[in-house]
Amino acid sequence: MKKSIGISPNIETLFGTRDENVRLLEDGLNVTINLRSNAIELEGAARDVARAEQVFVDYETLQRSGYSFNNGDLNSMLRVLTSDSSTTLRGLADAGRQRSFGRRSVQPKSSNQRRYLEAIEKHDMVFGIGPAGTGKTYLAVAMAISALLAKRVNRIILARPAVEAGERLGFLPGTLQDKIDPYLRPLYDALYDMLDPEKVDRYLEKNVIEIAPIAFMRGRTLNDSFVILDEAQNTTSEQMKMFVTRLGFNSKAVITGDITQIDLPNARRSGLLEAIDVLKSVEGLAFVHFDEGDVVRHHLVQRIVRAYDEHKARVAEEQMLLLTEAKNAEAANANGKPVAANGKSAANGAASEQNTASVDLNR
């Protein structure tokens, strides 16, 4: 099917740098897009052409209404749109308008990120689980700021377990706050990125925003709060149970973690892993799982995450093979038959050689 649509003013801005957005639409929607002198020509299956046409219509409508796309938001929206047939460009833009993120405009850059934001809006407790760089913490902080600025909550509480990533920092000088700040620095970074520094400092001073290790949560009931537990893979079972039972009235909790980066000492079982098993059937909770396709850092990070996953799968396969060989050897030894290097019993090997020799003598 072919269809021509008129060229609207400034439509070239939809195409992106070196037509990257056009290529994204062509690959994602299975259409061919050609710019003619007086029209844009779409070619493909009827349904795909209709979706592509809707993108151009929505873009023109948004432009006329004064909507501006910032910081690569358009490309991010198109990626979500091409991966999820239920979304439209206008719907994604309107969803962003409804949230106030301070001085930043935050748009989901993948379908899983969109589901994550929607889950936070609809549920009182959400688990965001996935590798580094997928926006779990950043988006959670953005939603917390949105709720605070809209006065849906009275305060934000950000918690983290104070566990070193494979190191022992030893004694840290200063006050208690000075000692725990290094563990909580990523949360500060997200706050200062979305709000003016003066406002962040004022909120921290008045405890409107509170940042603390998870150990400080025991015994508290958190009402009218947006609570975020970051790096939850490093919580113990007791800490996780304590945290999820702190939730009070008119409050939300978001728990984020990467189960491939557990830094707990002495190989203690992660509270996040246990929570996934224990709470998966509890009504009112939501679990959103991210993968390397959701990584929004440098493009190398996606490849690095994928390489580690493939390496882990190879190691697991090799270990399973060694375990199988060890079991076979143990079974053969239990039967009193020594096992040869090729996996056959020594007796069977000798019999085979004897049969071969007798055949040779009969020739």
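## Helix 11

Let's begin where helix 11 starts: a side-chain oxygen of serine 270 comes to within 3.2 Å of the backbone nitrogen of leucine 272. Keep in mind that this is a predicted model.

Which residues of helix 11 are buried? In this helix, which runs over residues 271–279, they are Gly271, Leu272, Ala275, Ile276 and Leu279. These residues lie on the same side of helix 11, because they cover an arc of only 145 degrees around the axis. The spacing follows a rule that is handy to remember: an α-helix has 3.6 residues a turn, so residues three or four places apart point the same way. The buried residues of helix 11 pack against helix 10 (237–244) and against three strands, namely strand 4 (125–129), strand 8 (252–257) and strand 9 (285–289).

## The chain as a whole

Now step back and look at the full picture. The chain has 363 residues, and 41% of them count as buried. Its secondary structure comes to 13 helices and nine strands.

Contacts tell us how the chain folds back on itself. Taking contacts between residues at least 6 apart in sequence, 71% join residues at least 24 apart. On the outside, the chain exposes about 20300 Å², with carbon and sulfur atoms supplying 49% of that area.

## Salt bridges within a helix

Side chains of opposite charge can pair when their charged atoms come close. How many salt bridges does the structure hold? There are eight salt bridges in the structure.

One of them joins the side chains of arginine 64 and glutamate 60, at 2.6 Å from N to O. Both residues belong to helix 3 (residues 46–64), where they sit four residues apart, about one turn of the helix. Arginine 64 is exposed because its relative accessible area is 70%, over the 50% cut-off. Glutamate 60 has a relative accessible area of 24%, so it is partly exposed.

Helix 6 (residues 111–122) holds a similar arrangement: glutamate 118 and arginine 114 are four residues apart there, about one turn of the helix. Their side chains meet in a salt bridge of 2.7 Å, N to O. Glutamate 118 counts as partly exposed, because its relative accessibility is 25%. Arginine 114, at 11% relative accessibility, counts as buried.

## A bridge between distant parts

Another salt bridge connects the side chains of arginine 160 and aspartate 230, at 2.9 Å from N to O. This pair links distant parts of the chain, 70 residues apart: arginine 160 is in strand 5 (residues 155–160), and aspartate 230 is in the loop between strand 7 (225–229) and helix 10. Are these two residues buried or exposed? Arginine 160 is buried, and aspartate 230 is buried too. Elsewhere, salt bridges that share partners join Asp84, Arg114 and Glu118 into one network.

## Threonine 82

Helix 4 (residues 73–83) contains threonine 82. Threonine 82 counts as buried because its relative accessible area is 17%, under the 20% cut-off.

What does the side chain of threonine 82 reach at 3.0 Å? It is the backbone oxygen of arginine 79. Leaving aside residues up to four places away in sequence, threonine 82 touches Leu24, Leu25, Gly28 and Leu29.

## A nonpolar patch on the surface

Finally, look at helix 12 (residues 299–334), where isoleucine 304 has its place. With a relative accessible area of 44%, isoleucine 304 is partly exposed. Together with Leu300 and Tyr308, Ile304 makes a nonpolar surface patch of about 330 Å².

Notes. Residues are numbered from 1 along each chain as its sequence is written. This is a predicted model: local features need pLDDT of at least 70, side-chain atom pairs count only at pLDDT 80 or more; totals for chains, interfaces and linings use all residues. Side-chain values use heavy atoms; hydrogens and water are left out. Patches are made of residues with over 30% relative accessible area and no salt bridge: like charges are joined within 9 Å, nonpolar side chains (Val, Leu, Ile, Met, Phe, Trp, Tyr) within 5 Å. Accessible areas come from the Shrake-Rupley method with a 1.4 Å probe; for residues, only the protein chains shown count as cover. A salt bridge is a side-chain nitrogen of Lys or Arg within 4 Å of a carboxyl oxygen of Asp or Glu. Helices (H or I, at least four residues) and strands (E, at least two) are DSSP runs, numbered from the N terminus. Buried means under 20% relative accessible area, exposed over 50%, partly exposed in between (1.4 Å probe, protein chains only). Contact means heavy atoms within 4.5 Å. A polar contact is a pair of N or O atoms within 3.5 Å; within protein, one must be able to donate a hydrogen and the other to accept it, and residues adjacent in sequence count only if both atoms are side-chain atoms. The arc is that of the directions from the helix axis to the C-beta atoms.
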